[in-house]
Structures are given as C-alpha cells and as structure tokens.
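Welcome, and thanks for taking a look at this one with us. Please open the sequence and the structure side by side before reading on.

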Amino acid sequence: MDRHVDAMRKTVLLITLLLPVTMVGQLTPADGARLFTAHCAICHDLNVPPFLNRDAFKTLAPEDVARALATGTMREQGAGLSEQQRKVIAEFITGKRFGGFSPAGDSQCKQPPSAIFSGPEWNGWGADLDNSRFQPQAAANLTAEQVPKLKLKWAFGFSTAMSAYAQPTVAGGRVFVGSAPGLVYSLDAATGCTYWSFQAESSVRTAIVVGPGNIVYFGDLRANVYALDAVTGKLLWKQTVDPHPVARVTGTPKLYQGRLYVPVSSHEEWASAQANYRCCTFRGSVVALDAATGRQIWKSYTVAARPHPLSMTKGKVQIWGPSGGGVWSSPTIDPKRKLLYIGTGDGYSPPATPLTDAVVALDLATGKVAWSRQVTPNDNWNISCFQPGHPNCPKGAGPDFDFGSSPILRTLPNGKSVVLAGQKSGVVYALDPDKKGEILWQARLGKGGVVGGIQWGPAADNQVAYVALSDLGIITGPQGLQPDPKAGGGLFALEISTGKKLWSALPKENGCDTPGCSPAQSAAITAIPGVVFSGSVDGHFRAYSSKDGSVLWDFPTIRDFPTVNQVRAKGGSLDGAGAAVAGGMVFVNSGYGNSFGIPGNVLLAFSLE
C-alpha cells in the first residue's frame, strides 16, 4: 500500500478519535446533535450537491444513515465511531427511531431457478459491447404501438435504502439487481419473487454482468469486484481493485473474451470538503481481471504520475497531486481495433494532466494508451470549491466537466465507425477511432455544470443518437438551496453522421410542480425501435417517440407502492441508471437521494399484461 494512502487513513482515524465522545451506553439526543456537528455538519450544512441537507435527511430511515457511516460512502467519517454513536447520529438527523422500517416478508420463489440461461436479455450496463443502450426488436419484444398500454406488473422494495440507483440486468428469465444496502438479488422476471440474495461489503450501483458458465460479476463502493454463481448466489471470488480508502466501482465492469475490465472512480472529490483532508491522492484507472479467478492482468492509470506533496493550505494541511481522472462509466469494447474506450473525469488537485476530461482508447491486451482526446484541459476541481474559504480548492479551479457516461461505438451504413461521448459541459462529441480520436463534429445541447450537461448516458441506434440533458438548476428557497422547478431537462435526437439536431423534446415551460422537484433528465436513457425511455429527477418515467420526440407514455413514480416482498417502498427521482427492456417487459429503479434528488427505494416492472 502507498505510504500516503496509509497516512491518510491514520489521519482520518486520529481526527475522529480526538473528538470528545460520550461514553457508550450513556448516549442521548443531545449527543447525536453534538456528534453530527463534529463529524458531519462540515459537509452537510453546505447545502450543495451531492451532500444531503438537514431537511433531506428527514425523508430517510435512520438505518440508511447508520449503514452509510458503517460500511457505505461515509465509512471514513464513521471510522472512529462506535455502533451506538452512529445510531444516535442517525436518529438525531432523521428524527426517527430505529425499527420503524418494515422488514422484508417472505418472497422466496417456490421453485428453484433453472440452470439454463436462454431467451431475451439486457446484460450489463449498455446491453452490448458498444454500450449503445439500444435493444433490437427481437429482444425487446415491445413496439411503439404497445408502449402506451404498459402497466405496472410488480414492484420490489429495497429495505432501508434512500436510493435505487443500480441498472437492472435481465437474463434467463431473471432480474439481477444491486442495491444501496449492498444486497444483490436474483429475482424472477415474471413475478418479482426472490431466488437468492447476496450481501456485498458496500453499496452496489453497478449493473450485474452475466457471463459464460452461469457466473455474474459486479463491483461495490469499496472498490471490490465479485464473481457469484448465477444460479445459487454463492461467492466464487472477490478482488479489491484499488487500495485507496475512498476508491469505488461505480461503472459497470465489461466482460470480453475471458477478461473483466473494471473502471475505478472515487469519493475523494467530496472528501476534500473537510478542511483537514490531505487532498488529493486518488488516481482513476481501469483494471483487467481474469474472469475465472479474479487475478489482475493489468492496471492502467488515467493519471500517470504518483501523487506527491505540493504545498500547504492556510490551515497547514499538506496538499498532494496530481490526482483525479476517475472512470465513472462502463468501458466500451472495439473488437475490430482491439481497443477499449473510456471517458474520464476531472482532476482533483494540480498539476493538470493530459487524460482527465478525455476519451481514452486503451489496448485490450496491455492497457497501454493507444490514443486520447482531451476536450477540457486544466480542469482541476473538488467540492471544497463550494466551501467558505475554499480550503482544498485548486487555484483557477475548472468547471468539473467529466465524461461521466460510457462512450458509444457505432458503425454507420457506409461502414465508418464513430465514437460518441456526452460530457457534463452539455456537449456531445463524435470522434474518429481511425484518426486517434479526431473530432468529427460536436453539438452543444445545454450549458452544463457540476450537476449539468450529459450525466449518465445517451443511447444510439445505427443512425441516430438520443441524448438526455440534466442542467439541473439551483435556487435559494425557504429551506436553503433547492432545485429550480423551471430549469433543466430535455431529450434530443442527433444524426450520428453529421451531428444535426433532428428534434428536441423539452419540458413544459412552467416546469414541474412537486415540492423540491426538477425536470432535469440526468439518468441514462434506453432505446428500442420507435421508442426512447427517459426518467427525470421529478420522478416521471416517460417513453418518447423516436420519430419526433412526442410523449407516448408517462408514469409518475413518486408514490407508495405495494411490493412483492412486503417492504414499504416509494418512488423518487430517476437518476443514474436507466431502464432495461427485454422480453416484452420494462424494468427501472426509482429513487435517488443524492444531488438534490428525491429519495426512493423501489424497482418497478412493467408489461402489457
């Protein structure tokens, strides 16, 4: 382990241990308030994304908060806290007592699952090696004429969760899906009953990848990658792909010819909000693993140089760099050129590096960079730039214009290949893979920003790209910063060969009308012949005509749902992952308790029946 990583862990633990703590067994609500102020308020009282403010916490179960502090995204902040201290913080900030959430009922399938995987599927993040997020008619088994007749068939609740942000995978008549509590489920696609569940170490927001030999693969928010028996849920192997204490696997691994290509990102961009945090030492990467054993074959960093001490903050805390370049999305495979394409995020600290905010092509065999196309140089940024005094904010901070979505590889009717990439700048780029990523065209769809632009992913058939726009707006309301109900959103169709805008479908002028809502369309979108599915932060799940953008079907998900597993569940914002369509059914998660999103904890299954 690098010495700076070990030193950082020791620093976090020392800070938490030095804070005054009431003896275990004597905790009161006043202790909860004090502990929250000492450990959490520095970020959550900022009222900026992605941190929940105090009002947002009231929508959660205390189990959500305690789990985040113990094993989830806030585990570093909770490292020096006892179980009771985490519990009293959770009860204070949510205003609820533990045990208020109903436990899961008996939803086990009565018949064992078949060991034969056949039939229509949506496998992994983008449904194919190209990450097109386009499902052909034979597998979709759903037409534009049928979509308005879709009905909710069943709902599945994720217990003690504030977000349902993992992409469902459909294969062999089953739905595989991860969850914020770290449970991975194998469900019956027709009924929603549970075949098995598996507890990962941390939250799982990647899609599940089904491979040969009935093996499923996924990653968690502790940078672990798992391989399970798809029939039984038994663990076959587990591999940690990065030792950094806040490294994570957010993008779905890509399986190809016996290798699993894993993108690695981190939470360090947000950890920098702490004035005493030694920002920053994480470097994004892609790791190639042997799919049979989990053995690492190669690791390719997006920031080539190891971080080293640079300067001191005003508070006499060491600044490190270079850092950043997280890989947030699923890699794309180009078998013809034997390349793997990734999009990278911004840098967290200086100096500037050439592979941040870029589309990068890696050699499949070795991980060496074949070519790269950086479109926003010198973009070093972290969440400290929102704080008073900006303790860890880089000088001349950039705009935070990540490529957070997967590149899409398309082959045009004339045989020419194009790599499409959507950026948080609000711009879509078309790159030529035969000319080292030369820009063929670019199309600006929005103004972009930290929570703006193209967030989690377009979809594309062979001639048209369908792109959703976030551009979530922020205003100051009675409760502090909140989403602007009249800003953001929109769906666009672009001709792949030229970048010409064919149509746009914009939100209504007066925006959305749910308190705290936003019409932003941040979630990844999904296309089938004649139809584009797009969810929005205001909780609406819509189907648009791919011919002209007219709305074919609109299902509001912000409501309570009876569930097949008897977990109390409700919908919220649709963000992160998009829908999976296969075998005449549509599956989508609703609930996103981050970045001004509305919490929720439900998986919804629609069909014509």
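What follows is a short briefing on this predicted model, grouped by topic.

The chain has 609 residues, and buried residues make up 63% of them. Its secondary structure consists of 8 helices and 39 strands. Of the contacts between residues at least 6 apart in sequence, 60% join residues at least 24 apart.

**Confidence**

- The average pLDDT over the chain is 90, and 89% of the residues score at least 70.
- Residues 1–24 have a pLDDT below 50, and beyond near neighbours in sequence this stretch makes 43 contacts in the model.
- A word of caution applies here: where pLDDT is low, predicted coordinates should not be read in detail.

**Nonpolar cores**

- In soluble globular proteins, nonpolar side chains tend to be buried together.
- The largest nonpolar core holds 30 residues, and those touching the most other members are Tyr217, Val225, Trp237, Val241, Leu260, Val262 and Leu289.
- Two or more residues each come from strand S7 (215–219), strand S8 (224–229), strand S12 (259–266), helix H8 and strand S13 (285–290). Strand S12 gives the largest share of this core, with 3 residues.
- Another core lies apart from it, with 27 residues that include Trp122, Ala524, Met585 and Ala605.
- For a closer view of the largest core, try Val225: leaving aside neighbours within four places in sequence, Val225 is in contact with Phe218, Gly219, Trp237, Lys238, Gln239, Val241, Val249, Leu260, Val262 and Leu289.

**Salt bridges**

- Side chains of opposite charge can pair when their charged atoms come close. The model has 12 salt bridges.
- Asp242 and Lys299 form one of them, with N to O at 3.1 Å. This pair links distant parts of the chain, 57 residues apart: Asp242 sits in the loop between strand S9 (235–240) and strand S10 (247–248), and Lys299 in strand S14 (residues 296–301).
- The two partners are covered to different degrees, since Asp242 is buried at 7% relative accessible area, whereas Lys299 is partly exposed at 21%.
- Asp334 and Arg337 also meet in a salt bridge, at 3.0 Å from N to O. Here Asp334 is buried, with a relative accessible area of 1%, and Arg337 counts as buried too, at 17% relative accessibility.
- In the salt bridge between Asp554 and Arg542, the closest N and O atoms are 3.2 Å apart. Asp554 belongs to strand S34 (residues 551–556) and Arg542 to strand S33 (residues 540–545), so the pair links distant parts of the chain, 12 residues apart.
- Asp554 is partly exposed at 35% relative accessible area, while Arg542 counts as buried at 16% relative accessibility.
- Glu201, Arg222 and Lys238 are linked in a network of salt bridges. Lys238 also appears among the contacts of Val225.

**A buried charge without a salt bridge**

- Which side chain of opposite charge is nearest to Glu268, which is buried yet has no salt bridge? It is Arg278, 8.5 Å away. A salt bridge needs the nitrogen within 4 Å of the carboxyl oxygen, so this pair does not qualify.
- The side chain of Glu268 does have a polar contact, at 2.7 Å, with the side chain of Tyr277.
- Glu268 lies in helix H8 (residues 268–271), and H8 is also among the elements that give two or more residues to the largest nonpolar core.

**A mostly covered helix**

- How many of the residues in helix H5 (residues 62–70) are buried? The count is 8 of 9, which leaves the helix mostly covered.
- The buried residues of H5 are Pro62, Glu63, Asp64, Val65, Ala66, Arg67, Ala68 and Leu69.

**Around Leu409**

- Leu409 lies in strand S21 (residues 408–411), and Leu409 is buried, with a relative accessible area of 6%.
- Leaving aside neighbours within four places in sequence, Leu409 is in contact with Asp130, Thr332, Ile333, Asp334, Tyr341, Ser417, Val418 and Val419.
- One of those contacts, Asp334, is the residue that forms a salt bridge with Arg337.
- The C-alpha atoms of Leu409 and Asn462 are separated by 9.6 Å, and the two residues are 53 apart along the chain.

Note on methods:
Residues are numbered from 1 along each chain as its sequence is written. This is a predicted model: local features need pLDDT of at least 70, side-chain atom pairs count only at pLDDT 80 or more; totals for chains, interfaces and linings use all residues. Side-chain values use heavy atoms; hydrogens and water are left out. Helices (H or I, at least four residues) and strands (E, at least two) are DSSP runs, numbered from the N terminus. Buried means under 20% relative accessible area, exposed over 50%, partly exposed in between (1.4 Å probe, protein chains only). Lys and Arg count as positive and Asp and Glu as negative; His and the chain ends are not counted. A polar contact is a pair of N or O atoms within 3.5 Å; within protein, one must be able to donate a hydrogen and the other to accept it, and residues adjacent in sequence count only if both atoms are side-chain atoms. pLDDT is the predictor's confidence in each residue, from 0 to 100. Contact means heavy atoms within 4.5 Å. A nonpolar core is a set of buried Ala, Val, Leu, Ile, Met, Phe, Trp, Tyr and Cys residues joined through side-chain atoms within 4.5 Å.
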